[in-house]
Each structure stands twice: as C-alpha cells, then as structure tokens.
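Got your viewer open? Load the model, switch to cartoon, and follow along one selection at a time.

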Amino acid sequence: MKKYKRFLIMVLVIILISVITGFVYGINNNYDLTGYLENLSTNNSLFTYHLIFIGLCLIMTISLVGIVGISVVIGFESISIGYILSIFYHNYKINGLLYGLINVGINKLLYLIILIYLFIVSCIYLKKSIDNISGAHKDYYAAIVLPLLKKYIIITIILMLYDILIYLFGNIILNNLTNML
C-alpha cells in the first residue's frame, strides 16, 4: 500500500475539503431535526442504491473513468457527512456533534472506506491500462480485469452484509441514543 500512498493522500484531501464544505454549508442553514428523529423507528434500506452504485463503479473503472466518478461520489458523501455533523452541532451543540459522529459511523463509515478502496483500485487499474496501451507492459486485459471483478464481488458481498446490519440494527441503535440529545 506504500506505493499507492499518493492516491490515498489525494482521496483524503477530497474528503477533507468536502467535509469542511458540507459543515460550513450546514452551519449556515436552519434545519429542523424532529422529523428525522421521529423516523428512526423505520429501517433504512440502501440495498438498491449500493448495488446500482457498485455496478456503475465497475463499469466506470473498466471504461477508465472510474477515478472521476468515484471521486465525485466520495465528494458528495463527504459533503453529506459534514452537513450531518454541522446540523446536529447547530441544533444540539456538543451532544449533537457526538450523536452526529455516531450517526455517521453507523450509516456511512464503512461505505466511505469502501469508496476509498474502490478509488485506489480504480487508480491502479487505470495505471495498468495506460501501461498496456503505451506498451510498457504486455499484460493481457484478462489478467487485469479478472482480479478487478473478484475485488468487486468481494466488495459487493461486504457492502450487502453492511446494509443488512444497518437495516436491522442501525436505526434501533440511533433511536436508543437520541436521549443523549
């Protein structure tokens, strides 16, 4: 992973800038959280969204535009993280910020880690593809694409297990923690 450190730094800069942007935007908005807190008795279902997105990431990565698409989604997810934190902070101060961190940890942390991993995988695939096109390496695309497909299958399985856990337990945990606000 050490040789892909620059890709990791690049994605972490995107996340940092986006979280700060979302936080600043959220601080300047008045948003009433009572509707959100009342809906914690229902379950979040992100299965379809995540399956479609993983499929799109695979298509974008194979078509060599995965870095752009995944970095845009990382940016949007990071902006939403900053926005969530700022809204809870704006309404409930420090307790709200702690609750927002728990909320983000439950609902978005693993998904963001998976997005970071997919960004790095996409960068690696793009580098190998450019090396093949330029003639620097003579790997067949099957030798590059098959490991990529295996990674995406494993990521999809992990993400579906994560979505099942969020669906079954995520809002229950958050609902039980609303007394800290």
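## Stop one: the end of α3

Select Leu-64, just after α3, and check its backbone: phi is positive here, at about 70 degrees. Keep in mind throughout that this is a predicted model.

Now step back into the helix itself. Select residues 47-62, which make up α3. These 16 residues reach 23 Å from the first C-alpha to the last, close to the 22 Å expected at 1.5 Å a residue. Show side chains for His-50, Phe-53, Ile-54, Cys-57, Leu-58 and Thr-61: these are buried. Turn the view until you look down the axis of α3; the buried residues fall within an arc of 140 degrees, so they line one face of the helix. Then color Thr-48, Ile-52 and Ile-59, which are exposed on the other side of α3.

## Zoom out for a moment

Show the whole protein chain as a cartoon. What do you get in helices and strands? The chain has 6 helices and 0 strands, so to speak an α-α-α-α-α-α run from the N terminus on. Along the principal axes, the C-alpha atoms fill a box of roughly 60 × 30 × 25 Å. If you color by accessibility, buried residues come to 38% of the 181 in the chain.

## Along α4

Pick Gly-66, which sits in helix α4. Is Gly-66 buried or exposed? With a relative accessible area of 1%, Gly-66 is buried. Add Phe-119 to the selection and draw a C-alpha to C-alpha distance: you should read 7.4 Å, for two residues 53 apart along the chain.

Next, go to Asn-107, also listed in helix α4 (residues 66-107). Its relative accessibility is 14%, and Asn-107 therefore counts as buried, the cut-off being under 20%. Show the side chain of Asn-103 too, and you'll find a polar contact of 2.6 Å between the side chains of Asn-107 and Asn-103.

## Two salt bridges

The structure holds 2 salt bridges, so let's visit both. For one of them, select Lys-108 and Glu-77, whose side chains meet at 2.9 Å, N to O. This pair links distant parts of the chain: Lys-108 is in the loop between α4 and α5, while Glu-77 is in helix α4, 31 residues apart. Both ends are tucked under the burial cut-off: Lys-108 is buried with a relative accessible area of 18%, and Glu-77 is buried at 11%.

For the other, select Lys-127 and Asp-131, where the N to O distance is 3.5 Å. Both residues lie in helix α5, 4 residues apart, or about one turn of the helix. Here the ends fall into separate classes: Lys-127 is partly exposed at 39%, whereas Asp-131 is buried at 16%.

While you're there, select all of α5, residues 109-134. Its 26 residues reach 38 Å from first C-alpha to last, close to the 38 Å expected at 1.5 Å a residue. Just after α5, click on Gly-135: another backbone to check, with a positive phi of about 90 degrees.

## Last stop: a patch on α6

Finish with a surface view. Select Leu-165, found in helix α6 (residues 141-176). Leu-165 helps make a nonpolar surface patch of about 920 Å². To see the rest of the patch, add Ile-153, Ile-157, Leu-161, Ile-164, Tyr-167, Leu-168, Phe-169, Ile-172 and Ile-173.

Methods:
Residues are numbered from 1 along each chain as its sequence is written. This is a predicted model: local features need pLDDT of at least 70, side-chain atom pairs count only at pLDDT 80 or more; totals for chains, interfaces and linings use all residues. Side-chain values use heavy atoms; hydrogens and water are left out. Patches are made of residues with over 30% relative accessible area and no salt bridge: like charges are joined within 9 Å, nonpolar side chains (Val, Leu, Ile, Met, Phe, Trp, Tyr) within 5 Å. Accessible areas come from the Shrake-Rupley method with a 1.4 Å probe; for residues, only the protein chains shown count as cover. A salt bridge is a side-chain nitrogen of Lys or Arg within 4 Å of a carboxyl oxygen of Asp or Glu. Helices (H or I, at least four residues) and strands (E, at least two) are DSSP runs, numbered from the N terminus. The expected span of a helix is 1.5 Å times one less than its number of residues. Buried means under 20% relative accessible area, exposed over 50%, partly exposed in between (1.4 Å probe, protein chains only). The arc is that of the directions from the helix axis to the C-beta atoms. A polar contact is a pair of N or O atoms within 3.5 Å; within protein, one must be able to donate a hydrogen and the other to accept it, and residues adjacent in sequence count only if both atoms are side-chain atoms.
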